[in-house]
Each structure stands twice: as structure tokens, then as C-alpha cells.
Amino acid sequence: MSHSEKKEILWETNHWILRKAPSTKELEGYSYLESKRHVESWTQLSEEECSDYGRILHKALSLSLQLSPSPEKIYFAAIAEQVPHLHMHLVPRYSGQEKGIKHLEVALGPGFSKPL
């Protein structure tokens, strides 16, 4: 998915895009935070990009509080292996859903590795 696809954008800053996950994820409130600049690792970010990340993360969490029902927890996952571009999955967990790594396995779908 390219960050030039404006229809999926929930919020944008100078360095980051908050994007709604595709409907194939089938989990209301699931979103992605993507770097606008092509980087593959957190260590490649500038100080300004890191500060800006904090601002957009705060906005993403604020938006999650507006969901109905409100999620009990928001999980973060940043792997950037299959898609070699720094991005963060924001995965809500609602009441009655399995907790922990099992929830991420279901939400992230096929290809998500199980822990050793």
C-alpha cells in the first residue's frame, strides 16, 4: 500500500501518516503509522522525525478513545521485515477478545511468526 493513497489517511504530520487498515483486517480501529520517508529501521530516524512520531501517536490514541465500543487496550507491532519500510501496526483489543500475542497473531494474519 502506497502512502500516496489519500482515501485511507486518518491523520498526517510532516513525517508520518496514520492510515486506516484495509477492510481485510476485519478489526474496527486497526490502523498503521508509516514514515513518509523511506527508512527500514528506527535508528535511521532523525530527532525531528522521532518527536513528530510522538505527536501522531498521541493523535492515534486519541482517535481510538472515540471508537464505540472503546478498546480495552491498543497493541503496537513494528516488524518491517515483509514490507521493508518502517511502519507500526496499532491493533485494538476489545472486551471478550483473547489477550496478548494470540490477539496479535489473529489481527496481523498469516505470516506473523510465533515466538520461539
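Start by selecting strand β1 (residues 9–12) together with β2: 3 bridges join these two strands, which run antiparallel. The model on your screen is a predicted one, so please read the tour with that in mind.

**Stop 1: the β1–β2 hairpin**

Keep both strands selected and look at the turn, where 3 residues separate β1 from β2 in a hairpin. Now show side chains for Trp 11 and Leu 18: Trp 11 stands opposite Leu 18, a residue of β2.

**Stop 2: along β2 to β3**

Next, narrow the selection to β2, residues 16–20. Is this strand enclosed or open to the outside? Because 4 of its 5 residues are buried, β2 is largely enclosed by the rest of the structure.

Add β3, residues 31–35. β2 and β3 are antiparallel partners, with 5 bridges between them. To see one of these pairings, pick Ile 17, whose bridge partner in β3 is Glu 34.

While Glu 34 is on display, bring in Arg 19 as well. These two residues form a salt bridge, with 3.1 Å between the closest N and O atoms. The pair links distant parts of the chain, since Arg 19 sits in strand β2 and Glu 34 in strand β3, 15 residues apart. Both Arg 19 and Glu 34 are buried.

**Stop 3: two further salt bridges**

How many salt bridges does a search of the whole structure find? The count is 5, and the Arg 19 pair with Glu 34 is one salt bridge you have already visited. As general background, side chains of opposite charge can pair when their charged atoms come close.

Select Arg 37 and Glu 49 next, and you will find their side chains meeting in a salt bridge at 2.8 Å, N to O. Arg 37 belongs to the loop between β3 and α1, while Glu 49 is in helix α1, so this pair ties together parts 12 residues apart in sequence. Try colouring by accessibility here: Arg 37 counts as partly exposed because its relative accessibility is 39%, whereas Glu 49, at 4%, counts as buried.

Then move to Arg 93 and Glu 72, another salt bridge, whose closest N and O atoms are 2.9 Å apart. Arg 93 lies in strand β5 (residues 87–93) and Glu 72 in the loop between α1 and β4 (73–77), so parts that are 21 residues apart in sequence are tied together by the pair. Arg 93 is buried at 5% relative accessibility, and Glu 72 is partly exposed at 47%.

**Stop 4: His 103 and its neighbours**

Keep Arg 93 visible and select His 103, found in helix α2 (residues 101–108). With a relative accessibility of 7%, His 103 counts as buried. Which residues does His 103 touch, not counting those up to four places away in sequence? They are Leu 27, Tyr 75, Val 91, Pro 92, Arg 93, Gln 97 and Glu 98.

**Stop 5: the second largest pocket**

Finally, turn on a pocket display and go to the second largest pocket, which holds about 200 Å³ of space. To find its centre, select Leu 10, Gly 29, Leu 63, Ser 64 and Leu 67, the closest to that point of the 13 lining residues.

Which element gives the most to this lining? That is α1, with 3 residues. Both β2 and α1 (47–65) supply at least two lining residues each. Colour the lining by class and you should see 8 nonpolar, 3 polar and 2 charged residues.

Notes
Residues numbered from 1 in each chain as written. Predicted model: local features only at pLDDT ≥ 70, side-chain atom pairs only at ≥ 80, totals over all residues. Heavy atoms only, no water. 1 Å grid on protein atoms, 1.4 Å probe; cavity = no way out; pocket = protein on both sides within 12 Å on 5 of 7 lines; lining within 4 Å. Points joined across faces, edges and corners; volume = space filled by probe spheres on them. Nonpolar A, V, L, I, M, F, W, Y, C, P; charged D, E, K, R; others polar. Salt bridge = Lys/Arg side-chain N within 4 Å of Asp/Glu carboxyl O. Buried < 20%, exposed > 50% of the residue type's maximum accessible area, 1.4 Å probe, protein only. Pairing = 2+ DSSP bridges. Contact = heavy atoms within 4.5 Å.
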